[in-house]
Each structure stands twice: as structure tokens, then as C-alpha cells.
Amino acid sequence: MNIVVEFFVVMLKVLWAIVMAGLKWLIWPKEKSVAGQVCVITGAGGGLGRLFAKEFARRRATLVLWDINSHSNEETAEMVRQIYREQDDNSIAKEGAVGGVEEVPPFQPQVYTYMVDVGKRESVYSIAEKVRREVGEVELLINNAGVVSGHHLLECPDELIERTMVVNCHAHFWTTKAFLPKMLEMNHGHIVTVASSLGLFSTAGVEDYCASKFGAIGFHESLSHEIKASEKDGIKMTLVCPYLVDTGMFRGCRIRKEIEPFLPPLRPEFCVKQAMRAILTDQPMICTPRIVYMVNFMKSILPFEAIVCMYRFLGADKCMYPFLAQRKEAMNNNEAKNGI
């Protein structure tokens with residue numbers, strides 16, 4: 001095909017893609033079913049991971065919960081079991097009301113827990129093999145686990161910087177390498193990267209965290225292109241980039257007080273519900289709230305000094321400083337207690 005003709009064809013395809021993406025903002029497509037599918041969630045012991053587990057349980061997925069804290073992971077598992085029991089009771093009650101005959105539901109979802117340090121690739125690979133033997137092939141992978149050091153760069157021990165990079169970024173390589181081969185073989189699966197708006201644009205004081213989330217997003221986007229290039233259209237990818245979420249991870253973070261009512265920290269439940277809608281409709285990316293899309297676009301086209309001016313106006317340039325001060329004070333108090 002003549003390159004000029006091909007160029008115009010490509011432009012038409014680009015315009016069509018933009019139109020279709022715009023329509024999805026107005027008319028949400030039907031959500032897919034994940035009932036019976038094996039879903040691995042990392043960092044499931046609390047925060048967003050626990051909420052993702054509960055949402056997938058309501059949709060009757062078989063859940064595999066990974067966390068470094070076995071106690072909190074078991075707490076999440078018990079919440080999931082309670083959801084399963086309630087669904088079964090409701091199903092039996094409905095059947096009894098309609099036909100007077102109680103039937104055993106055709107599929108009984110289960111939940112499995114594993115203590116995993118996703119920052120250690122040997123642990124990831126060995127537990128992944130155990131999951132395949134004990135549960136089955138994984139069809140949904142939610143890379144959610146994350147940590148933050150809470151130190152200014154020059155005060156942060158190298159070990160904490162490395163830990164942040166390994167858990168927030170490198171772990172995505174290990175989990176994906178463990179489960180993607182079978183997804184490719186089946187041409188079926190879904191990989192979700194729970195990143196952050198701080199992986200799209202950064203702020204002062206959390207260099208390690210921002211770098212790790214930028215890395216996770218870069219990994220996700222490159223992997224998305226690789227899957228597209230392999231023409232495996234049955235494998236979906238979703239990137240989740242929320243603004244500050246009120247899980248306690250960044251407790252104390254503050255923007256300008258006059259602006260804060262318009263950009264408050266997100267409720268975790270709202271954040272996860274938005275992410276679930278994106279996952280179940282195969283949306284490639286979800287930013288919450290939607291203003292994050294605009295901020296990311298402006299960062300791409302404006303000069304750096306213009307960005308700095310906007311940050312200072314919003315109070316975003318030093319928004320992490322109160323959080324860092326709280327973390328430092330807490331560490332000093334712990335050291336004082338240990339010294340007594």
C-alpha cells in the first residue's frame with residue numbers, strides 16, 4: 001500500500017479509536033463475568049488489596065491472596081468467606097421462594113492464602129508453582145502490593161530505597177513472568193497494575209516511591225505493547241492510577257487548605273469500585289479522579305517552570321513534607337522507647 005494512503009488509513013483508525021474511547025465515557029460497556037476464574041491479588045492483607053478481594057469475591061472469583069503478613073491475610077480471607085456464605089444463603093433462599101426446592105450452587109468459589117514476600121523472586125516463583133498445583137491456572141493477576149519509605153532522599157537508608165523499588169516495581173516482573181506464559185498459551189487472562197498518580201507526575205520528598213511507580217507504569221505499558229504485538233487479543237491489561245487514597249499510607253499529606261476541599265483524599269472504597277468497573281469492562285487505564293488525566297496532559301506540554309508555578313499554587317510542591325515529618329517523629333519515638 002502506498003505510504004500516503006496508509007497514513008490516511010492510520011489517521012482514520014486513530015480518530016475512530018478516540019471516538020470509541022469517548023463513547024465509553026458516556027455509555028459504559030457491559031461488565032464481563034469473572035465467576036470461577038482464579039484471581040491472584042498481591043498485598044491482599046489490607047488497604048486496596050483487601051477491598052479488591054471483597055469485590056472479586058462478590059463476583060464469585062476463586063481468590064488467591066498473597067501478603068507478607070499472614071495474620072492480616074487470613075483476616076481478609078475470612079471476610080471473603082463470609083461474602084461467599086452470604087451469596088450462597090441468598091441463592092438458596094431465592095431458589096426456595098421460586099420452586100420450593102433447594103439446590104446446591106453449581107460452583108463453590110474458594111479462597112486460598114499464601115504468605116509471600118513479593119520482593120523476593122525465589123519466593124514469588126515457588127509460591128506461584130504451588131498455586132498452580134493447588135488451585136489451578138491463574139487468569140487474573142492484580143499487582144497491588146506497595147510500600148513507601150517515608151524519608152527524604154538524603155536521609156533514606158539505601159536498604160529502604162531498594163525495598164521500595166523491589167516491591168513496587170520489580171515484583172511486577174516476577175509475578176508476570178510466573179503467570180503470563182499460561183495466559184499466552186490459553187490466549188486468556190487479565191493483568192492489572194495498581195500504580196499511582198505519582199507514577200505519572202511527581203512531587204518532592206518521595207523520590208524512591210515516584211521512581212518505583214514510574215517504573216511500574218513503564219513496565220505495564222511496554223508489556224501491553226508486547227502483548228498487542230503478539231496478537232494475543234484474549235489477554236487484557238488495565239493500569240490503575242489513583243490520586244492520594246485515604247488508606248493511611250501517606251497520612252499527613254496536605255495540599256493548600258483552600259484547594260483541599262476540591263481535591264480531598266479518595267475513599268478507598270470509591271477508588272476500588274472505579275478500578276473494578278475499568279477491569280470488568282477491559283478499560284486499558286483508569287485515573288481517579290478524572291482531573292488526573294488533565295494534569296498528566298498538562299505536564300506533557302507545559303514547560304517545567306510552568307509546572308513548578310502550578311505546584312506551588314496548589315501546595316503540591318511540598319505536600320509530602322508533613323507526612324515525612326510525622327514518619328520521622330514516629331521513628332524517633334520508637335527509637336527512644338527501644339533505648340529505654
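Here a trainee and a mentor talk through how some labels in this predicted model follow from computed values.

Trainee: Let's start with the cysteines. How do you know that cysteine 253 is in no disulfide?

Mentor: A disulfide needs two cysteine sulfur atoms within 2.5 Å. The nearest cysteine sulfur to that of cysteine 253 belongs to cysteine 319 and is 4.1 Å away, so by the 2.5 Å cut-off the pair is not a disulfide. By this rule the count for the structure comes to 0 disulfides.

Trainee: And what makes cysteine 271 unable to bond with cysteine 241?

Mentor: The distance does. The sulfur of cysteine 241 is the closest cysteine sulfur to that of cysteine 271, yet it lies 10 Å away, too far for a bond.

Trainee: Why are cysteine 253 and cysteine 271 called buried or exposed?

Mentor: Buried means under 20% relative accessible area. Cysteine 253 has 11%, so it is buried, and cysteine 271, at 2%, counts as buried too.

Trainee: On to helix 9, residues 304-314. Which of its residues are buried?

Mentor: They are Ile307, Val308 and Tyr311.

Trainee: How do you know which side of helix 9 they are on?

Mentor: Around the axis they cover an arc of only 100°, and therefore they sit on the same side of helix 9. The face turned away from that buried side carries Glu305 and Cys309, both exposed. Helix 8, residues 291-301, is included in what covers the buried residues of helix 9. Just after helix 9 comes glycine 315, with a positive phi of about 80°.

Trainee: Which other residues have a positive phi although they are not glycines?

Mentor: Asparagine 187 is one of them, at about 55°, in the loop between helix 5 and strand 5. Another is glutamate 231, at about 60°, in the loop between helix 6 and strand 6.

Trainee: What makes asparagine 187 partly exposed, and what is glutamate 231 by the same rule?

Mentor: Exposed means over 50%, and partly exposed falls between 20% and that value. Asparagine 187 has 28%, so it counts as partly exposed. Glutamate 231 has 67%, so it counts as exposed.

Trainee: What is special to note about the peptide bond from threonine 288 to proline 289?

Mentor: That bond is cis, with omega near -10°. Proline 289 lies in the loop between strand 7 and helix 8.

Trainee: Now the charges. Why is the pair of glutamate 78 and arginine 85 called a salt bridge?

Mentor: The rule asks for a Lys or Arg side-chain nitrogen within 4 Å of a carboxyl oxygen of Asp or Glu. The closest N and O atoms of glutamate 78 and arginine 85 are 2.9 Å apart, so the pair passes the 4 Å cut-off. Glutamate 78 is partly exposed at 38%, and arginine 85 is partly exposed at 39%.

Trainee: How far apart in helix 4 are arginine 132 and glutamate 129?

Mentor: They are 3 residues apart, about one turn of the helix. Their closest N and O atoms are 2.9 Å apart, and they form a salt bridge.

Trainee: What makes glutamate 155 and lysine 328 a salt bridge at 3.7 Å?

Mentor: Their closest N and O atoms are 3.7 Å apart, so the value is within the 4 Å limit. Glutamate 155 lies in the loop between strand 4 and helix 5, and lysine 328 in helix 10, so the pair ties together parts that are 173 residues apart in sequence.

Trainee: How many salt bridges does the structure hold?

Mentor: It holds 13. There is also a network of salt bridges that links Glu55, Arg58, Arg59 and Lys273.

Trainee: Back to nonpolar residues. How do you know that leucine 180 is buried?

Mentor: Its relative accessible area is 11%, which is under the 20% cut-off, so the label holds. Leucine 180 belongs to helix 5. Beyond its neighbours within four places in sequence, leucine 180 is in contact with Ile191, Leu223, Ile227 and Ile235.

Trainee: And what is isoleucine 3, buried or exposed?

Mentor: At 66%, isoleucine 3 counts as exposed. This residue of helix 1 is part of a nonpolar surface patch with about 980 Å² of accessible area together, whose members include Phe7, Met11 and Ile18.

Note on methods
Residues numbered from 1 in each chain as written. Predicted model: local features only at pLDDT ≥ 70, side-chain atom pairs only at ≥ 80, totals over all residues. Heavy atoms only, no water. Buried < 20%, exposed > 50% of the residue type's maximum accessible area, 1.4 Å probe, protein only. Helix = DSSP H or I, 4+ residues; strand = E, 2+ residues; numbered from the N terminus. Arc of directions from axis to C-beta. Contact = heavy atoms within 4.5 Å. Patch = residues over 30% accessible without salt bridge, like charges linked within 9 Å, V, L, I, M, F, W, Y side chains within 5 Å. Areas by Shrake-Rupley, 256 points an atom, 1.4 Å probe, with all protein chains shown as cover.
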